[in-house]
Structure formats: structure tokens, C-alpha cells
Amino acid sequence: MAASREPKVFEDSNYRKKMYSPLKNDGFVPEKHSELFVTGIPQKSSIHDLLQFFEQIGEVFEIKLMTKPDGVQNRGFAYVTYMNKQLAKMALIKLKDKLFQNKTKLNLQLSVDNCRIFINGIPTNKSRYDVRNVLRYDYRIENIVDVITYRSYANPAHNRGFAFLEFRTHEEASYFRAKYWDKLYMFGKKMSVTWAIPLKEMDEHEASKVKILFLRNLDVTEPPEDFTRFIYDLIDRSLVDKVYKFKDYAYIHLSTRYNAEKLLASLQAYYKGTMVEISFAKPPNGLSGRCFRNQDLTLKGQVVEAARKPGNFHQRHPQTKAKSKQEKSVDAAQTVTVPPIGQFIAPPTVSNIWWYPAANEYQQLKPDVVSGQSHECSYWPSPTGATPSMYSSPASLDCFNLEDLVDSILA
């Protein structure tokens, strides 16, 4: 396919170089699955080198090359968006084994094009229209495609306290999250904003093999045994592998796709005009584990803050374990970093000291206290003090019972 040589718009920043088609300024948005995630890029390669390489397949809509803070060398990965998903799939096949700059092979895969944001803390008596109106009229946000809420188990007239915001593109969703993750206020309270778990989308061939039905908004009070008997009244039980119902949803496993389609039609006819939703189930996407959820918590600092709390020293997030114990001890002895607001702990026996133990201080400090040895430890004066002091000995703390203090803090 002949490559298009339409001039691109170029943007440069300290952390990213971007090149895109002028069609973006006219509001054009490529369909989903048109973006590739590219890794293994040589650090000295430029965005023009990437454009030349990927335009062998067809017209490129946008390239985003992540760079180091100096803006010179790249970080080894980029996002390449074609004009449609057919070109992206063709690039996966044809460029997978082709050398980039006659030196190395690039790692190509479809990008997780997540366009959905999760908002928690919504009053249960508010509807999806209330949420959308607040975002539209109070925050002037007009690019939301849909607002999704789910009904409460106990009261179908109420929601479950959260909602999903669907945007047109991942870039728009990312901009919303970066801007409002810590300052979105709705209905008089602060909302929690994070990424929603991406939904796995199947191609037609994969979808044609699904034999599991999913039902939502069922009667919560209906026992699972009664629901199972109801299914057996609609279809012979020998054609059903398993029926699972919990609260207001259920999964029905059928022996063949034909039987699943037959039962789907029967259930749609039975529940017609009700709130019950019936569809083929989607396979697990591997992104619902704790490790995926903790990625966003780490970015917000919640995991790091939790690791700093006394008693959680041995439950730190893996990303905080990069340094060895010796390096941590040196850092604790030579460097004092003022902890975030809310992380100070005021000992009840000392009115003018705000104590902040280091990661290994409990193990290092308690034996010295018991043996009567002097031990230097970092402390901060009360908020009325002018500047933080670097070190102090137990003598400067009027010889209070430091062992009891440490035990009370780390209890």
C-alpha cells in the first residue's frame, strides 16, 4: 500500500514527542484497536524514524514517543495510531519480523485502548443523568459518550454508589483522570477517580465460540435453587453444564453454542419489558487482579503512604523495595525528608516533638533503648518551630520512656 505523505503536526515537550495528522484538529478520531504499543526502540531513534518505518503499511494518524526529561533520548517505547484498525492489524503481521533501521526488531502489540473512567462516592439516590448534568454544567465537560450506573441490590431505584464515564478516546479519558483524580467534587462531596478495568473485546470468530449466558438485575430474593429449576423448565437439564446465581446476577453454562442461542431467545422473551439484561458472557481479560488495580494506587501515592505508616513496614509495595536494607539505613541516617501532611505522629508524652520513625528504626532503636545506649534519631519540632532539626539524642527528649513510646507508635 502506498504511504501517504501528508504533512504532520509536530509537538515537543520534556517528556513526549508527538506527531499527528491535521485531521485531528478537525475532530477525526480513528476507530478502536487502531493503536499499537511499540517497545524495544533504540534510545537514539527519533520520531521521524518511527514515522518512516510504520508508514510502509499505510497512513499513520499519530505517533507519541516517550522521552527522558532531557528531551533528547527516548524511553524505548511509543504509541503508533493508524487511520483504521485494519492497518494496525496489518502492521502487526508485516512489521513483526522486520528490522527497524536495519538493526533491531520492535515489539508490537495492540494497545489497551481504555476509554472508561471509574468514579466512586456518588450518592445512591442520584441517577446517571444527574451525574452527567453536573459534569456538563459545573465542569463544562462535553466529550463524555456515556455515563453507566448499576442498580442497587436492595433498592432498584438507587445506584450502587459508583459510575463509569465512557470517553471517545483513551487520550480524552487520560486527560480527565490527570486533571480531576484528586479534585472532582459532586453533590457536596469529593469523588474518587481512577481507571476502570478494561473490557476485553472479542473478534467475531472468538465471540462465536462463547457458550455462557450472563444475566443481570435479577430478583435478589430469589433463591439460586429456584432460579436453577426455572432454567431447567426452559431447556433440558442435560444440555446445561452449570447454573450459578449470586445476588442479582447469574451465569449459565451450556453444552453447545446452539443451545446457548436457543436459551438466550427464550430468556429474552420471558424477561421482555423488565430490567433484566441478558447477553453472552465475556471471557476474563487478565486485568482484574490486584496488581492491575495497585498500578493506579501507586501513581496516586496511596500505596506509598500506607507503607510509611508504622506497622506496615513489612508490607511495602514491591516498587518501594528497590533499595537494599543497607542503602535504606544510609538514607535514613543522612537524609531527612519531611513526610506528607497527616503522616506525623505526636507522642502523648512529649508535647513539643512530632515523631516520624524511619523504615527500620523500630528494629534498630529498641535494642539500644533497652541496653541504655545513646541513639541518634530524626525528629521535627512542633508546627510553631522555625526549622526542622536534623538529629537529636534521647537526652534532649528529657529522658522519657522511649521504649514505651516506640511500642505505642508501632502498635
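This is a short group-meeting talk on the salt bridges and one lysine in a predicted model.

Okay, hi everyone. Keep in mind that what you have on screen is a predicted model, and let's go straight to the charged side chains. As a reminder, side chains of opposite charge can pair when their charged atoms come close. So how many salt bridges does a search of the whole structure find? It turns up 14. I'll walk you through a few.

Start with E62 and K24. Their side chains meet in a salt bridge, with N to O at 2.6 Å. E62 sits in strand 4, residues 60-67, while K24 is in the loop between strand 2 (16-20) and strand 3 (35-39), so you've got distant parts of the chain linked across 38 residues. Is E62 buried or exposed? E62 counts as buried, because its relative accessibility is 4%, and buried here means under 20%. K24, on the other hand, is partly exposed, at 22%. And this pair isn't on its own: E11, K18, K24, E62 and E171 are linked in a network of salt bridges. If you're clicking along, pull up those five residues together.

Next pair: R116 and E166. Here the salt bridge is 2.7 Å, N to O, between the two side chains. This one runs from strand to strand, with R116 in strand 9 (residues 116-120) and E166 in strand 11 (residues 162-167), 50 residues apart. R116 is buried, with a relative accessible area of 17%. E166 counts as buried too, at 18%.

Third one: E277 with R216, a side-chain salt bridge at 3.0 Å, N to O. E277 lies in strand 18 (residues 277-280) and R216 in strand 15 (residues 212-216), so the pair ties together parts that are 61 residues apart in sequence. E277 comes out as partly exposed, with 38% relative accessibility.

Now, a lysine I wanted to show you: K190. You'll find K190 in strand 13, residues 189-190. Its relative accessibility is 45%, so K190 counts as partly exposed. What does the side chain of K190 reach? That would be the backbone oxygen of D182, at 3.1 Å. Leaving out residues up to four places away in sequence, K190 touches D182, K183, L184 and Y185. There's also G121: K190 and G121 are 69 residues apart in sequence, yet their C-alphas are 7.4 Å apart in space.

That's what I have. Happy to take questions.

Definitions and conventions. Residues are numbered from 1 along each chain as its sequence is written. This is a predicted model: local features need pLDDT of at least 70, side-chain atom pairs count only at pLDDT 80 or more; totals for chains, interfaces and linings use all residues. Side-chain values use heavy atoms; hydrogens and water are left out. Helices (H or I, at least four residues) and strands (E, at least two) are DSSP runs, numbered from the N terminus. Buried means under 20% relative accessible area, exposed over 50%, partly exposed in between (1.4 Å probe, protein chains only). Contact means heavy atoms within 4.5 Å. A polar contact is a pair of N or O atoms within 3.5 Å; within protein, one must be able to donate a hydrogen and the other to accept it, and residues adjacent in sequence count only if both atoms are side-chain atoms. A salt bridge is a side-chain nitrogen of Lys or Arg within 4 Å of a carboxyl oxygen of Asp or Glu.
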